[in-house]
Structures are given as C-alpha cells and as structure tokens.
There are 4 protein chains.
Amino acid sequence: TLQHLFKQIFKASLELQEDDNSKSLLVSRKKRPENTVVQLNGDKIGNGDPKLIAGPCSVESYEQVYSVAKAMKDQGLNLLRGGAYKPRTSPYDFQGLGQEGLEILKRVGDELDMVTISEIVSPKDVENALDYIDVIQVGARNMQNFELLKEVGAVDKPVLLKRGMSATMDEFIKAAEYIIANGNENIMLCERGIRTYENATRNTLDISAVPVLKQETHLPVMVDVTHSTGRRDLLLPTAKAAYAVGADAVMTEVHPDPAVALSDSAQQMNIPQFEEFLGEIREQGVFKG
Amino acid sequence: TLQHLFKQIFKASLELQEDDNSKSLLVSRKKRPENTVVQLNGDKIGNGDPKLIAGPCSVESYEQVYSVAKAMKDQGLNLLRGGAYKPRTSPYDFQGLGQEGLEILKRVGDELDMVTISEIVSPKDVENALDYIDVIQVGARNMQNFELLKEVGAVDKPVLLKRGMSATMDEFIKAAEYIIANGNENIMLCERGIRTYENATRNTLDISAVPVLKQETHLPVMVDVTHSTGRRDLLLPTAKAAYAVGADAVMTEVHPDPAVALSDSAQQMNIPQFEEFLGEIREQGVFKG
Amino acid sequence: TLQHLFKQIFKASLELQEDDNSKSLLVSRKKRPENTVVQLNGDKIGNGDPKLIAGPCSVESYEQVYSVAKAMKDQGLNLLRGGAYKPRTSPYDFQGLGQEGLEILKRVGDELDMVTISEIVSPKDVENALDYIDVIQVGARNMQNFELLKEVGAVDKPVLLKRGMSATMDEFIKAAEYIIANGNENIMLCERGIRTYENATRNTLDISAVPVLKQETHLPVMVDVTHSTGRRDLLLPTAKAAYAVGADAVMTEVHPDPAVALSDSAQQMNIPQFEEFLGEIREQGVFKG
Amino acid sequence: TLQHLFKQIFKASLELQEDDNSKSLLVSRKKRPENTVVQLNGDKIGNGDPKLIAGPCSVESYEQVYSVAKAMKDQGLNLLRGGAYKPRTSPYDFQGLGQEGLEILKRVGDELDMVTISEIVSPKDVENALDYIDVIQVGARNMQNFELLKEVGAVDKPVLLKRGMSATMDEFIKAAEYIIANGNENIMLCERGIRTYENATRNTLDISAVPVLKQETHLPVMVDVTHSTGRRDLLLPTAKAAYAVGADAVMTEVHPDPAVALSDSAQQMNIPQFEEFLGEIREQGVFKG
C-alpha cells in the first residue's frame with residue numbers, strides 16, 4: 001500500500017539524515033572508529049585499562065593536598081584532582097584559592113610525580129593554567145560556555161569535559177565538538193549525574209550515558225561518583241557500576257578531614273575510607289590500577 | 001552562639017523525625033535488619049546470589065513462550081516472565097491475551113518446571129491469577145494504584161513491584177508498605193528507569209536507586225534493563241552495572257523473533273542474542289546462575 | 001540536490017503520519033472540529049464562559065462540606081468538589097471517608113442544588129458512585145489505570161480526567177481516548193502540574209498544556225491551581241494565568257479551617273480567603289461566573 | 001508531648017534559618033521591600049505597567065533589524081532585542097554577526113530612538129558592548145557563568161538575566177546576587193522555560209516562577225514566550241498568561257521572513273503576525289504599552 005511505502009521512505013530518510021549528521025562530527029566514532037587514548041605521563045585513559053582519579057574537592061592548603069596525594073601515591077595512583085577555581089551557587093561561598101591553588105597543585109604534582117587535574121572557569125585563565133596543571137577540567141555549569149570551550153580547544157593540553165546538569169547526549173557530544181573543532185583532540189567526557197525530580201541523591205547518575213557515549217564517540221568516558229550521588233555511602237556501589245558498565249575512569253573526592261572541608265563536606269571520603277574503597281574495587285577485579 | 005545552638009537543635013530534630021518515620025514502616029531495614037529472601041520454588045531472590053529473569057514482553061502464543069522458556073531452561077534459568085495483561089498508552093494497541101495468556105504461562109511453567117511472573121492490572125483479576133502464575137507483577141503505571149496494592153497485599157503470592165515512572169524513593173517504599181501492611185511480606189522491588197528529559201534512552205536507569213533501596217528496606221531489589229534503556233544494544237552493559245551495584249536480580253526481555261513482536265519490538269533480544277548476553281554476564285563472574 | 005529532495009520527502013511523510021495518527025482518535029479536534037460542551041445541570045463547561053470549581057480537599061464531615069458549599073452558593077457558584085476516596089502516598093495517612101463521604105456530598109448537593117465532583121479510585125466503586133455524585137474524577141495517579149478508564153468510559157456520567165504526574169500530552173490524550181472509545185463523550189481534561197526538579201512549588205504548572213490540549217482535542221480543559229502549586233499564596237496569580245491562557249475552568253480547594261484539615265492543609269484557602277480570591281478574579285474580568 | 005515540642009522547635013528553627021538566609025541577600029525583598037524599577041530611556045520596567053520586548057532572534061542585516069524595529073516603533077514600542085553573539089549547540093551552526101551585529105543594533109537604535117538589548121557571552125566582550133547596546137542580556141546557558149556575572153555586575157548598564165535551563169529559584173536568585181554584589185542594581189529576571197520530559201513544547205514555561213520571584217526579590221520579572229514554548233501558535237496564549245500572572249514584561253521574537261531566519265525559524269512571528277499578536281494583547285487590556 002501507499003502508506004506502507006511512505007513509511008519505508010520515511011525510515012530510510014531518517015536513517016540517512018541521522019547517519020549524515022553524526023558522521024560529520026569529528027568526535028564521532030563513525031568518523032574515527034578506533035578509541036582515542038589520552039596520554040597523561042605514564043597513565044593512559046581510554047586504553048581498556050580503567051583508572052581512578054581522586055583528590056580533594058577544593059585545594060585548601062599545601063598540607064591538605066599533599067596528605068591526600070601521598071596516600072594516593074602510596075597506593076600506586078597518579079591522577080590527582082583538586083579545585084582551585086570553584087564555581088559556587090552563592091557569591092558568598094568559598095570561591096577557591098585561585099592562582100595559589102594552582103601553585104599548590106603544581107608543587108605537589110612535581111614532588112610526587114603525579115598528573116594534576118583542575119577546573120578552569122574563565123577563558124582568560126586558560127593560558128596561565130597551562131604552566132601549572134596537566135589536565136584542564138571544564139565543569140558542568142560551563143559545558144555550554146562556548147567561549148571557554150573554544151579557548152581550551154586551542155591549547156595543547158588534555159581536557160576533561162563534564163556533562164551539563166541537564167544536557168542531552170547530543171548537546172554533550174556537540175560541546176566536545178567545539179573543542180576538537182578548534183584543534184584539541186585530547187578530550188575526556190565525564191558523566192556526573194543529571195538533574196531530575198529524585199532527591200534521594202544530589203543528582204541522578206545516568207549510567208547508560210557511558211555506553212551511549214562510547215558508542216557515539218571515540219573519546220574516553222568517565223564517571224564522577226561524588227557529584228552524581230552526593231552521598232559518601234553510595235560511592236562504592238556506583239563506582240563498581242561505573243567500571244562494570246565500561247567507564248574508562250572513575251573520579252571521586254578525598255579529603256584529610258571532610259568535616260571541616262570548605263566545600264562538599266558531606267560527600268568526600270577521608271583517607272582510611274578511601275583506602276577501604278580502593279581495596280573493595282580492587283578486590284572485585286574491575287579496577288586493576 | 002544562639003544561631004549555632006539552633007542549628008544543632010534543628011539537625012537533631014530533623015534526624016529524630018526521619019528516624020521515627022522510617023522506623024515505623026514495616027518494609028524498613030530499621031524495623032527488620034536482615035534481608036528478606038523471597039522463595040520461588042528452588043530459587044531464592046535476595047540471598048546474595050543474583051538471579052536473571054527473562055521472557056517475552058507479551059505472551060503471544062504457546063509456541064512463542066515455549067521456545068523462549070526452553071532456551072532459558074537449557075541454560076539453567078527458571079524465572080520466566082511474560083505479559084498477559086498489557087497496559088498500553090493507546091486503547092488501539094495490542095492489550096495482551098488476558099486469561100489465555102495466563103493459561104499459556106501456566107502450561108509452559110508446568111511443562112518445564114519454571115517459575116512464572118506476570119503483571120496483573122486490576123484488583124478484580126488478582127484472585128483468578130493465583131491459580132496460574134507464581135509471582136504477581138505490579139507495573140510502573142500502577143505503582144500508586146492503591147486498591148491494587150491492597151489486593152495483592154492480601155494474598156499469599158510473591159509480588160514484584162515496579163517503580164513508577166516518576167516515583168521518588170519515598171513513594172516507592174510507601175507503595176511497598178501498602179502491600180506489607182495488608183499482610184504480604186514477599187515483595188521484590190524493581191527499578192525500571194525514570195522519566196527525565198534525556199531521550200537517548202527510553203527512560204533513565206537510576207542505578208543509585210538499588211543501593212538506596214537496599215539500605216532503606218530489607219526487600220530484594222532488581223533492575224529491569226529492558227524498560228529502563230529501551231535499547232537492545234544497552235542491555236548488556238546495564239545488566240553488568242546492575243549486578244555490580246548490588247541488584248538481587250536483573251530482568252530482561254527475549255522474543256523468538258523481535259521484529260514481529262506485538263510490543264517492544266525494538267528492545268527485545270532474540271534467542272541467540274540472549275545466549276550471547278548470558279555468556280557475557282557469566283564470563284564477567286557477576287552472574288553465577 | 002538529492003539530499004534536499006530526501007528531506008522534503010521526509011518532512012512530508014512525517015506530517016502525513018502525524019496527521020494520520022491524530023485524525024484517527026475520537027478525542028481529536030481533527031475528528032470533530034467543534035468544542036465539546038459538558039452539561040452539568042445549568043452549568044456548561046467548554047462553552048467559552050470559564051467556570052470555577054471549588055470545595056474541600058477531603059470530605060471530613062457534613063458540617064465541613066456544607067459550610068464551604070454554602071459560601072460558594074452565596075456567591076453564585078455551583079460546582080462543588082470534595083474527596084471521598086483519597087489516594088495517599090502512605091497507607092497510614094487518612095484515606096478518606098469513602099461511602100460516607102459520597103453520602104455527605106449527595107446530601108449537600110441536593111440541599112443546595114449543586115453539582116458534585118469526586119474522585120473514584122477503583123473500577124468496582126464506579127457503579128455505586130453513579131447514585132451519589134454528578135462528575136467522576138479520575139486522579140493523576142490513576143491516569144493510566146486503564147481498567148478504571150474503561151469502566152468510567154462505559155457509564156453515563158461526565159468524567160474529569162487529571163493529567164498524570166509525568167504524563168506527556170500524547171499519553172494524556174490517549175488516556176482520554178480510552179474513555180471515549182468505551183462510549184462516554186463527556187470528558188474534561190485537567191492540567192494539575194507535572195513533576196520536575198523545581199521544588200519552590202509542589203509541582204510545576206505546565207500552563208502551555210492548556211492551549212496545546214485545546215488545539216489537539218475538542219474537550220474542555222481546566223487547571224487545578226491547588227495541586228500544581230501547593231501554595232496558598234500562588235492560587236490567585238496562577239488562576240488568573242489559567243483563565244488568561246484559555247482554560248475552561250479553574251479548580252481550587254477551600255476548607256473552613258485549613259489548619260486542621262486532614263489533607264493538604266498548607267494549600268487550602270479558608271472561606272474569607274476564598275471570597276477575596278473570588279473578588280479578585282471577578283474584578284480582573286476573566287471570571288464572570 | 002516531647003515529640004510535638006520537637007516538631008515546634010524544628011519548624012521555628014527552619015523558619016529562622018530560611019529567614020536569615022534570604023534576608024542577607026541584596027536582591028531579597030526582605031532586604032528592600034519596594035520594587036526595583038529599571039529605567040530604559042523613557043520606558044520603565046517594574047513600575048506596574050507591563051512592557052513588551054521584541055525583535056529578531058539573530059541580527060542578520062541592517063535591513064532585517066530595521067524592518068522589525070520600524071514596525072515596532074510604528075506601534076509605539078521601544079524595546080528592541082536582537083542577538084549578535086549566538087550561543088549555539090553545534091559549532092557548525094550560525095554563531096551570530098558579533099561586533100557587526102552590535103553595530104547594526106546601535107545604528108537602528110539611534111535612528112529610531114529605541115532601547116537595544118543583546119546577549120553577551122564572554123566576560124571580555126562586556127566592556128566593548130557598553131558602547132553599542134542599552135541592556136546586556138545574560139543567556140540561559142550562562143546563568144552560572146560566574147565570571148560573566150561578576151563582569152556585568154561591575155558595569156553601569158542594566159542586565160537582563162535569563163533563568164538557566166534547569167535552574168532552581170534559589171540558584172536563579174543567587175545568580176542575580178552575583179551581579180548585585182558587584183555593584184550593579186539594575187537587574188531584570190527572565191523566566192524562559194525549563195527543561196522537562198514534556199516535548200510538546202521546546203521547554204516547559206514555569207509560569208509560577210513569576211509570582212515566586214516577585215515575592216522573593218525586589219527585581220522586575222519577565223517572561224520569554226518564544227524560547228519557553230518554541231511554537232509560534234503558543235505565543236499569544238502564553239503572553240496573555242504571563243501578563244495575567246504579573247510579569248513586568250513579555251519578550252518575543254519577530255523576523256521579517258521567519259522561513260529564512262538563520263536561527264529559531266519555527267518560532268518567530270513575521271511582521272503581520274506580530275501586529276495581530278499586539279492587537280490581541282492590547283484588546284485583552286493586559287498590555288497597554
């Protein structure tokens with residue numbers, strides 16, 4: 001019948017168009033079938049060997065960062081995160097140490113030979129940050145700060161791009177495209193929970209995003225279990241789920257004394273809790289780092 | 001200071017109240033610390049040994065159900081799902097075989113010695129269903145159909161309760177409380193994805209719901225990977241995530257020929273795909289059934 | 001170019017299909033261009049003259065219902081709502097007076113010659129309710145309780161169908177189609193807020209749903225300002241917005257003493273507040289009832 | 001009883017804390033009870049006399065902007081919007097004319113003596129924009145681009161701040177606080193729809209946000225009916241609702257030939273449609289401008 005014919009044409013046209021769209025993106029797996037592997041000193045993200053990224057929410061002092069970093073290094077972990085510029089809902093909340101925070105990260109990174117990751121929130125701070133950190137993080141609130149994306153796309157430094165609070169897969173992928181289109185191919189995507197009606201957790205961890213992003217793009221995909229759940233007691237089970245679903249890395253927060261942390265105090269692990277966490281994910285065999 | 005004192009009192013009061021609330025629920029782990037284990041013939045759900053539930057979305061014919069069930073049985077699987085009453089968005093969509101569907105399930109269940117699970121959508125059909133199936137499923141659309149909950153609470157048959165499309169943890173737990181308050185303690189909770197803005201998947205699988213529910217209640221918790229993702233290509237990674245996060249069972253859909261299925265054709269596996277799926281989850285070691 | 005041609009065919013096919021779908025529904029405006037007007041004694045809903053429906057959340061006693069109804073009648077209002085069967089999240093919350101509630105409504109309705117509206121939650125209670133009330137309400141939690149929809153579709157009594165907590169326009173329209181497909185054409189649709197992440201209000205009033213539903217269907221569309229906002233202080237501005245956007249009626253809750261109400265105490269108006277509310281919407285000229 | 005006492009203390013503490021929080025914000029109505037009125041040449045926003053802001057989505061050419069502006073001026077309207085910098089999901093979509101766009105706006109504004117409003121997306125472009133436009137718009141994607149907020153907070157030019165895609169009232173208010181805390185008191189808030197599961201409209205217009213924001217802050221509040229609905233056929237009813245709910249202004253998009261528009265072609269009105277729209281809102285009496 002005519003109607004059936006139209007449906008067939010419709011479906012064919014639809015597929016052609018979708019195909020066409022995703023093929024044209026530089027981040028698309030249709031454009032480049034093999035996985036992008038991001039090199040971070042000796043560590044590789046996206047090579048099939050899942051990693052763990054940890055560190056304090058905010059850089060508060062040299063001692064604070066060093067104590068967490070040392071505990072990590074003792075366990076053979078090299079990927080250290082820490083916030084120097086903190087985007088906060090209220091202008092009256094702690095905004096991070098800024099330049100001093102970057103300097104602390106660099107000092108600790110150099111002393112312990114670790115890779116440092118820190119968020120940059122303004123295009124004008126990108127250039128300067130190159131001298132201090134190894135990976136530039138673009139946070140959830142800035143996922144569609146296109147000026148910042150273009151800026152980090154123009155430098156020679158790996159970028160960790162977090163998914164926006166309510167970004168679709170399509171928007172997330174196209175945000176990454178802003179970076180790659182400006183020349184920077186070293187992009188890692190990070191699912192960090194989306195905003196939903198559910199408030200048992202801070203955000204809702206969209207675990208399916210990992211295989212979707214791995215399928216649609218050739219980029220490494222990681223999961224931030226701290227910001228997605230916002231609950232210390234959920235870090236371990238969700239980290240296990242993230243590794244099981246195929247994430248290239250898990251990111252979490254550790255603080256020497258979470259009770260006095262200047263941000264995110266309810267969801268950071270202290271060092272013994274972190275060591276226990278690490279023991280559990282190693283025992284399960286999903287994390288071999 | 002006074003303000004600090006008030007904050008302390010506030011926090012204490014808040015905790016007291018919350019404590020009080022959840023303690024009073026019969027499904028609460030505070031009321032009963034040990035896990036509820038639901039017995040289904042030889043199989044146990046909630047005993048720490050994760051299970052797999054499979055079967056066609058809709059019961060369409062004896063042959064269709066038998067072929068799926070036989071493939072399962074050959075693999076040592078005993079938990080067979082199949083829809084006889086189908087709640088459908090449009091009144092003009094296939095509504096299920098009803099009573100005939102129940103009879104087919106019973107026949108196949110008896111022949112192959114399997115446990116059968118099927119959704120009942122109306123209080124008046126509960127009584128009759130007791131003769132045909134081993135587990136009564138209450139679907140997402142009926143999670144707050146309180147008359148139905150009371151009815152299944154009053155019978156001596158395990159109940160599989162699915163989370164509503166946009167139900168909070170609190171609402172889900174209290175829906176289970178309707179069942180237990182009427183006398184039936186054999187309740188299994190099932191996360192099946194929640195409705196969000198994201199449309200890369202049919203719903204958003206809220207993987208954190210599993211540890212939250214395990215912590216708040218003493219009931220077994222499972223994950224329906226078919227309805228949460230709505231995509232055949234995501235069944236395997238999300239099933240792995242579900243087992244890793246601590247689910248007591250995973251539920252999925254299998255059809256001898258998905259392309260001609262009367263419902264959910266895009267997301268059911270055919271039998272060879274199912275066998276491959278099973279091989280993969282067994283290889284990973286999370287599923288030993 | 002070929003690509004352009006395909007896009008044209010695609011668009012044409014898409015429109016044809018959508019057209020086709022909505023044309024086939026009995027509730028669709030494409031099927032019947034003129035407005036359905038529901039007759040409720042002397043009052044008409046859907047005739048271009050917007051109405052106001054009011055009454056207590058729950059029927060608690062004859063005196064309580066009578067005092068609200070009398071205040072309404074004194075103001076020339078005839079459409080009285082009141083809950084006899086209350087679907088409540090917890091089994092331990094007040095569940096409504098049931099049959100006694102229906103009897104109270106009938107008595108007050110008869111004494112003051114008013115139209116009574118009350119929610120029925122179970123198919124088995126529909127038949128009995130016909131003797132007591134003038135409009136059967138199907139609540140948000142039951143919008144996809146298809147057995148209930150079929151039952152109210154088979155009786156000769158107007159139905160007020162509320163939108164589900166997270167129902168799409170398409171699902172809402174098809175829920176109405178379940179009713180009309182069973183023979184009952186006297187259906188009124190009610191937007192009552194949808195569940196979103198925002199918690200300044202109980203739900204998010206989706207005001208655009210009114211013109212969308214008026215365009216897609218020939219049914220009257222009303223707005224429940226009480227359940228959508230959950231805040232007494234927002235009843236007046238949202239009622240004005242509802243009338244302005246084209247709603248055929250606004251529904252709100254009034255209680256002689258909200259502080260002691262057995263349900264929804266934070267959002268019901270007391271009688272003087274209601275009279276002030278009424279004065280304001282009359283003054284604005286949008287409500288002439 | 002003790003429990004009751006605790007509940008009272010709890011409630012009192014809660015209110016004290018909330019009170020305390022909102023009192024300390026400079027944008028809070030508790031801090032300043034009277035309305036902020038933003039002066040834009042002769043026009044005032046927030047003085048109880050609602051306004052209409054219109055113009056093309058993107059500035060495409062002098063002729064395009066002039067033709068819309070002239071049609072507005074002929075109708076006595078002075079508030080002209082137009083996008084020079086366009087934040088677009090894909091890097092391959094039209095990104096706006098940038099500086100050339102600002103120049104066109106200035107030329108048209110000068111020629112017709114109109115107030116011009118345009119979005120600035122990067123802190124570095126704020127300084128330059130001061131010479132060209134009368135109101136700086138901060139778009140939804142940048143609502144939590146705190147560097148940009150600080151920058152526009154430090155200049156002497158009114159700011160139109162749009163609500164983020166999934167921002168809560170609290171986050172929106174605190175984003176405005178970033179501006180006022182840096183010295184700029186001339187802030188207008190704009191509800192522009194939030195992201196929900198519903199896809200009958202582009203976003204879900206949260207109409208209740210208007211009275212909530214008017215109550216919580218002393219700032220003018222407006223509604224963008226174009227981006228919230230994304231549908232030309234819903235502009236009129238939602239504009240009526242916005243005025244009725246108490247908005248200080250409505251914002252909409254007009255293009256001489258929407259079919260060839262470089263952005264938002266499906267939702268802009270052409271000039272005759274706009275004149276009809278204007279006639280209707282004037283006839284209803286809500287808009288007297």
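This report describes the contact between chain B and chain A of a predicted model, and then the relation of chain B to chain C.

## Extent of the B–A interface

Chain B places 32 residues in contact with 32 residues of chain A. Between these two chains about 2,400 Å² is buried, and carbon and sulfur atoms account for 63% of that area. On the chain B side, the residues that lose the most area to chain A are B:Tyr197, B:Glu198 and B:Ala244, which together make up 22% of what that side buries.

## Polar and charged pairs

Two salt bridges are counted between chain B and chain A. One of them joins the side chains of B:Arg163 and A:Glu198, with an N to O distance of 2.7 Å. The count of residue pairs in polar contact between the chains, both residues being at pLDDT 80 or more, is twelve.

## Elements and composition on the chain B side

Helix H7 (209-216) and helix H9 (235-245) of chain B are the elements that give two or more residues to the side touching chain A. The largest share, six residues, comes from H9(B). Sorted by class, this side of chain B holds 15 nonpolar, ten polar and seven charged residues.

## Relation of chain B to chain C

A turn of 180 degrees with a shift of 0.0 Å along the axis lays chain B on chain C, at an RMSD of 0.0 Å. The two copies are therefore related as by a two-fold rotation axis. Within chain B, the C-alpha nearest this axis belongs to B:Ser166, at 3.2 Å from the axis. The same surface serves both copies, as 100% of the contact residues of chain B recur in chain C.

Note on methods:
Residues numbered from 1 in each chain as written. Chains lettered and ligands numbered in written order. Predicted model: local features only at pLDDT ≥ 70, side-chain atom pairs only at ≥ 80, totals over all residues. Heavy atoms only, no water. Contact = heavy atoms within 4.5 Å. Buried area = accessible area lost by both parts, 1.4 Å probe. Salt bridge = Lys/Arg side-chain N within 4 Å of Asp/Glu carboxyl O. Polar contact = N/O pair within 3.5 Å; in protein donor to acceptor, adjacent residues only side chain to side chain. Helix = DSSP H or I, 4+ residues; strand = E, 2+ residues; numbered from the N terminus. Nonpolar A, V, L, I, M, F, W, Y, C, P; charged D, E, K, R; others polar. Least-squares fit on C-alpha atoms with pLDDT ≥ 70 in both.
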